[in-house]
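Please walk me through this structure, beginning with the overall fold and moving on to the packing of its interior, its charged pairs and its aromatic rings.

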Amino acid sequence: MINNFIKLLSLLFFSIGFTLCCSAQSPKIISSQGTIPQEFLTPSSIKYKQTIEEYERNQRNKDDFKTKKGKEEFYLASNFNIDDLLQSGYALFNDELGKYANEVMNQLPISDELKKRKNPRIYIVNSNDVNAFATDQGIIFVTLGLLANVETEAQLAFILAHEISHIEEDHGFLLGEDRFKEIQKIARYQLPFLCLDNGDNGRAIYNAYILLKKYPDDQALKKLIAKALYMEVKRQRTADENSESRLSLYNHVNKMEGAIQRVEYIFKKMKARELTVLALKRNYEAWLDDPEDEQLNMAVHSLMVDLATHYDNLDKFSNKPRPKVDDSKPELKEEIEDGKELTREEKIKKANSNEVVDDSRLFAFVDYLDDEDFQNRFNKAKEIVTAREEDEGKSRRNNTYYMVNNSVSLDIDKIVVVNPEYVKLKSNKDRSVQYIQSEEKQAEFRNEIVEVSKMSNLDVKLLGLGELSGTDLESFNNLNELDTYFQQQLELPSQGLHPSTNQTKINDIAESYGTDYFLWTGLISVGRNKIKPLAVGLGVVFPPAFASRIFDKVVYNDDTFFYAILFDVKNGKRRALKLDFIDGSLTNPFMKAHLYDVFNQISSN
């Protein structure tokens, strides 16, 4: 199955119609640059007030009460939702693609009145979706997926014009075909990396194989394929932990179209042990090519543990190449079986029948099965699996990495608190977010963290959007990387230590802050009528896989949820210091008490 998988992928991508060039140089991965625009940092409530003031000056007196109320609710939601995107790290600024898109837009017939009133501007969104959309603030968001898929500059110009006005005539190439092709090439190179970060592993592999036709020596793309296979193994493991059918992950396959459907279909048909062998093979080979890559080293260790759960030893794997099937037409001697002379085809089949092994995965590790490092890794993995099996008699809840233990002392001197959250939900039917109250409470929560940290023996660095200025580009990008890390870790299996897809960058961030320990903490507050609002609130902050683990265990008559999860970001080890459901609102003194308890558990004193 392993070899068949590789062959199918090769056949699948052979017919892709991209121009091939073995000597082509790979584009770079883009990111935000320069000074952070002020609109990325201005609180949403201030923008909302400015919008309402403008509305009152220009139009409010012309609208009836119902229209006024509807518009005010729209302005409230739109300002906060747009800011969520601006501050998520997915929206790029001062990047090469964004500058190009703005240049194209500036060639379009935009009225002076619109330029003065709305100041139309474009930000590129790190998404493989093919989309562009405008906002009432004058911002146009264009996805990388759209830039990668438009075939001409005129198509891009038409889409932008649709968002701001209309195309009055065919503009052809506004800035030149060469410039457009270069931008298109850069955009297409980003797609597999975006897909990997978003958990779309099949599409990541598909796009990477396409690009490898053009850039056959690109090591980043080869590593990406290995990482995507690793993440797919872990995605299936998480489904098993949550008592979900592995096949349920691929219910969408039959509705998919195009070549990408075949990759997802192969994932669906492969047995768990087959996918594990394939992922380990690709990751081990990638690590052999770059032994200094700690992320690959961690992935190999984790996958070796998975292999040890499927196989008691390595005896089932061959250290000799697969025997070749002799399909030539040699001169065959007469053979009699059951009184009849065998045909030529029967003689060939009989001659080869004792040599052929059908299971392709048994030959996956031929090149390094006798390697001492490979064998030692498997033996250590088997010890981990054996120890885990011996603990099966204990409560499953007590074995999870999300176990809450309020009596620990971790003896840690320094941590970074990452973008603390406070989400306040209404208790009415729509369970909507109370935007202004949430922003105000979040500011209070950040202040409490700073105040309590001064009373503890712990060196606490607060890394949040509220603490950034326009020149803090590196911190802004770090927040985006850490958010990706956190979301991925919560969706990975709770047993074991797992690197994320951006582990190398995370290691660099840890080095820059002088600590491996990063804390994610926050509160979700709801009114009465609580069960459904709590479920919605958990979904606002956490990915579904983790939210379901928490919600299945909660006491339903509480209305504030406080969480504090500490990660050693270099090895993925995690500890839930607080997962508390509190009856009633969490006042500032109680908030301080919970924070002090968290810091006390972490601190060396």
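**A guided reading of the model**

The protein chain contains 23 helices and 12 strands, and the model in which they appear is a predicted one. Of the 605 residues in the protein chain, 49% are buried. Among the contacts in the protein chain with a separation of 6 or more, 73% are between residues 24 or more positions apart. The accessible surface amounts to about 30000 Å², and carbon and sulfur atoms account for 47% of that surface.

A useful place to begin is the interior. The largest nonpolar core has 61 residues, and the members that touch the most other members are Leu-307, Phe-365 and Phe-374. At least two residues of this core come from each of helix H9 (177-197), helix H10 (201-214), helix H11 (219-241), helix H12 (260-269), helix H13 (272-289), helix H14 (294-310) and helix H16 (372-390). Helix H11 makes the largest contribution to this core, with 10 residues. A second core, separate from the one just described, has 33 residues, including Leu-473, Phe-476, Leu-479 and Leu-490.

Which residues does Phe-365 touch, not counting residues up to four places away in sequence? They are Val-277, Leu-280, Lys-281, Leu-307, Phe-317, Ser-318 and Phe-374, and two of these, Leu-307 and Phe-374, are themselves named with Phe-365 as the core members that touch the most others. Phe-365 also belongs to a cluster of aromatic residues, in which ring pairs link it with Tyr-284, Trp-287, Tyr-311, Phe-317, Tyr-368 and Phe-374. Phe-317 and Phe-374 are therefore found both among the residues that Phe-365 touches and in the ring cluster, while Trp-287, another residue of that cluster, has the charged end of Arg-377 over its ring, at 4.6 Å from the ring centre.

The aromatic pairs of the model come to 26 in number. In one of them, Tyr-189 and Phe-193 are tilted with respect to each other, with 5.4 Å from centre to centre and 45° between the planes. Both of these residues are buried, and they are separated by about one helical turn because they stand four residues apart in helix H9. In another pair, the rings of Phe-486 and Trp-520 are stacked, with 4.8 Å from centre to centre and 5° between the planes. Here the partners come from different kinds of element, since Phe-486 lies in helix H19 (residues 473-491) and Trp-520 in strand S10 (residues 517-525), so that the pair ties together parts that are 34 residues apart in sequence. Phe-486 is buried at 3% relative accessibility, and Trp-520 is likewise buried, at 6%.

The charged side chains can be followed in a similar way, and the count of salt bridges comes to 22. Lys-592 takes part in a salt bridge with Glu-448, where the closest N and O atoms are 3.9 Å apart. This pair links distant parts of the chain, because Lys-592 is in helix H23 (residues 588-602) and Glu-448 in helix H18 (residues 435-455), 144 residues apart. With a relative accessibility of 26%, Lys-592 counts as partly exposed, whereas Glu-448 is buried, at 7%. Lys-592 also forms a salt bridge with Glu-451, and there the closest N and O atoms are 2.8 Å apart. Glu-451 likewise lies in helix H18, 141 residues from Lys-592 in helix H23, and counts as partly exposed at 38% relative accessibility.

How is the salt bridge between Glu-511 and Lys-570 placed, and what does it tie together? Glu-511 lies in helix H20 (residues 503-513) and Lys-570 in the loop between strand S11 (560-568) and strand S12 (573-582), so the pair joins parts that are 59 residues apart in sequence. The N to O distance in this salt bridge is 2.3 Å. Glu-511 is exposed, with a relative accessible area of 54%, while Lys-570 counts as partly exposed at 23%. Elsewhere, salt bridges that share partners join Lys-223, Asp-290 and Asp-293 into one network.

Methods: Residues numbered from 1 in each chain as written. Predicted model: local features only at pLDDT ≥ 70, side-chain atom pairs only at ≥ 80, totals over all residues. Heavy atoms only, no water. Core = buried A, V, L, I, M, F, W, Y, C linked by side-chain atoms within 4.5 Å. Buried < 20%, exposed > 50% of the residue type's maximum accessible area, 1.4 Å probe, protein only. Contact = heavy atoms within 4.5 Å. Salt bridge = Lys/Arg side-chain N within 4 Å of Asp/Glu carboxyl O. Areas by Shrake-Rupley, 256 points an atom, 1.4 Å probe, with all protein chains shown as cover. Phe/Tyr/Trp six-rings, centres within 6.5 Å; stacked < 30°, edge-to-face > 60°. Lys NZ or Arg CZ within 6 Å of the ring centre and 35° of its normal.
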